[in-house]
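Subject: Structure for you to look at

Hello,

Here is the structure I promised to pass on. Please open it before reading the notes underneath.

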Amino acid sequence: MTRASSRRPGPPTRTERGIPEATVARLPVYLRALTALSDGGTATASSEDLATAAGVNSAKLRKDLSYLGSYGTRGVGYDVEYLRYQIAREIGVTQDWAVVIVGIGNLGHALANYSGFGTRGFRIVALLDADPNLIGERIGDMEVRDFAQLEEIVEADRVSIGVITTPAGPAQEVCDRLVAGRRHQHPELRARGAVRARRRRHPQGGPLDRVADPGVPRTTKVRRGGAPPGARTTSAERSDRSPECRGRCRGMSYLVVGISHRSAAIDVLERVALDADAATKLGLAVRNSAAVAESAVVATCNRTEVYATVDRFHAGMDEVTAILSDVTGVPLLDLAEHLYVHFEEGAVAHLFQVAVGLDSMIVGESQILGQLKETLRAGQDNETVATDLNALFQHALRVGKRARTETGIDSAGRSVVSAGLEAVGGTEGRRALIVGAGSMASLAAQTLMNGGARSVTVANRNYDRAVALTDRIGGTAIRLADVPAALAEADLLVSCTGARGVVITAEMIRNASGGRPLGVLDVALPRDVAPEAARIPGVTLITLADLVGTAGGSEADIDEVRRIVGEETGAFEATRRAASVAPTVVALRAMASSLVDQELARLERRLPDLGEHERREVERTIHRVVDKVLHNPTVRVKELGGDPGGPTYADALRQLFALDQAAVDAVTTPKGGEQA
């Protein structure tokens, strides 16, 4: 039944996300305009240019885009590629929608032949009909299947949309069976309603990175061709990215694609957990993809993040997500709903938030600084980190140190290990067994020794590493095979290996505990201890999932750290903008110097009898005149370089003085073909 349209005027109707419906209706228009600009080679566009292309008022356009959190950059405009992504994500085009068409009559046949679905993110996975004469018929590259397989197909292909083109009579049955087949997977179809797990995430740490869009990256048209993970890209793919030019001859942007305890449950994080070798493989594979210049992988017990510098947002994001899926072995469709994306200033702000501990499982913990240092060192050793990421990570480390020096964010000295030990009853007088000998085990041993543990025993698959740890911190080293016997003597177990499966079974704990109290702390990812151990009488099992959201500093400290992150993000971006102006200034002065030399040579030819004194005086005069003419423009453009419109001033300088772009690029290109 339709409703009458004679309601009184009122405030604009808004969608569930707070965006007026009129704005939502205009978003596809903006997307088409942005696509046309992108296809024409336009990288940035002013609101006036975009409004003209879309056929709307520029003030209305700016208002509409403000609902997406996209305000553009004053003096620069909107990044066309990134704004395309924001709008496409908002209207659902970036998601991979699996579609089944039921009823292959004239309309169904026409829809099955329509090629526009695939280009808009709608993937036809099956054509179904109950007519035996139609079953088996091929339409395009698909075969019509039996309607009886509907529920099976819906479940196997994770169908999101059902197109029903049957007569009215059987349509309700088709609808009911579609819902029944998808109910356990799709949050909107659950009996108790949506759990809203995929609602757009707010930028982490307040409004600092509002220009970032941590929405789910698109999963359509993922670039899987070319180099497989770990392989080098071809010469054709790298023709415009020689060693001398990579990341320098054209602007590169920061990109972060990640998954953490904030976006996924522990059982999902287990599937994407990376050891050192896998993290190296991922970093190399990303670095060798066509759209990426540099890469670094942060792999901890509660996050897996890829940091990269890219020359194109969509291409870079597609390649990073595809490679992450390949290396972890998690299908892209399963992975995508848990991923977040940060771009440019948002990527900078996110790393700074990670460094200060705002994004940690234990807010304010300082262990992350050591992990970021290790990420940087590994990237440098593997040559996946160069100038841009090195500058970003070095600054992030300084921000992390500043936050801990100027605030009490880590005054409690808490870490995942210390919080976990508190949860299992503390350390005083405990007989502890540690399984593992890595950095987490080292921290656990040190915490236990400082906390008054009666004894500490360390077991590891590599016995020599266990011995090295106990020699450094204290305690007794044993072999992994001796764990059952040692467990029978312990009242506290800390397990933190890098194994891919269960190390401590429920049976081992049951035999060792005998009903007596036993604290078990499992801080490994994937988990070391069988979950069934929690049901054993007397056993207290604490895992990473139990520690999520544990507070570190006070609210006042957290607010101050957020202010520091915002200040440092602005300072870093200003430095980047100023650095982008410097090559233009150098190239301008080089051109002026060349012109002076040419004119002096011309003077030498025309006045060969000019005396040495007069010649030097003329030379000094010309240099003074040129320096005075260039002084104000170059000084002013350097001053303005740190402002958001700084690169625009440099562009204007290049245009006014007809500077060759190649001459500007040459300023930052190492000579002799060596990477700077």
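The notes below go from the whole chain to one sheet and then to the cysteines.

This is a predicted model, in which local features need pLDDT of at least 70 and side-chain atom pairs count only at pLDDT 80 or more, while totals for chains, interfaces and linings use all residues. Residues are numbered from 1 along each chain as its sequence is written, and side-chain values use heavy atoms, with hydrogens and water left out.

The chain has 676 residues, and 47% of them count as buried (under 20% relative accessible area; exposed is over 50%, partly exposed in between; 1.4 Å probe, protein chains only). It contains 25 helices and 17 strands (DSSP runs of H or I, at least four residues, and of E, at least two, numbered from the N terminus). Among contacts (heavy atoms within 4.5 Å) with a separation of 6 or more, 72% are between residues 24 or more positions apart.

One open sheet is built from four strands in the order E9-E10-E8-E11, with antiparallel pairing (two strands pair if DSSP finds at least two bridges between them). Its edge strands are E9 (292–300) and E11 (340–343), each pairing on one side only. Within the sheet, E8 (residues 253–260) and E10 (residues 303–310) are joined by eight bridges. Ile259 stands opposite Thr304 in E10.

The structure has zero disulfides (pairs of cysteine sulfur atoms within 2.5 Å). Cys175 is partly exposed, at 32% relative accessible area, and Cys496 is buried, at 10%.

Regards
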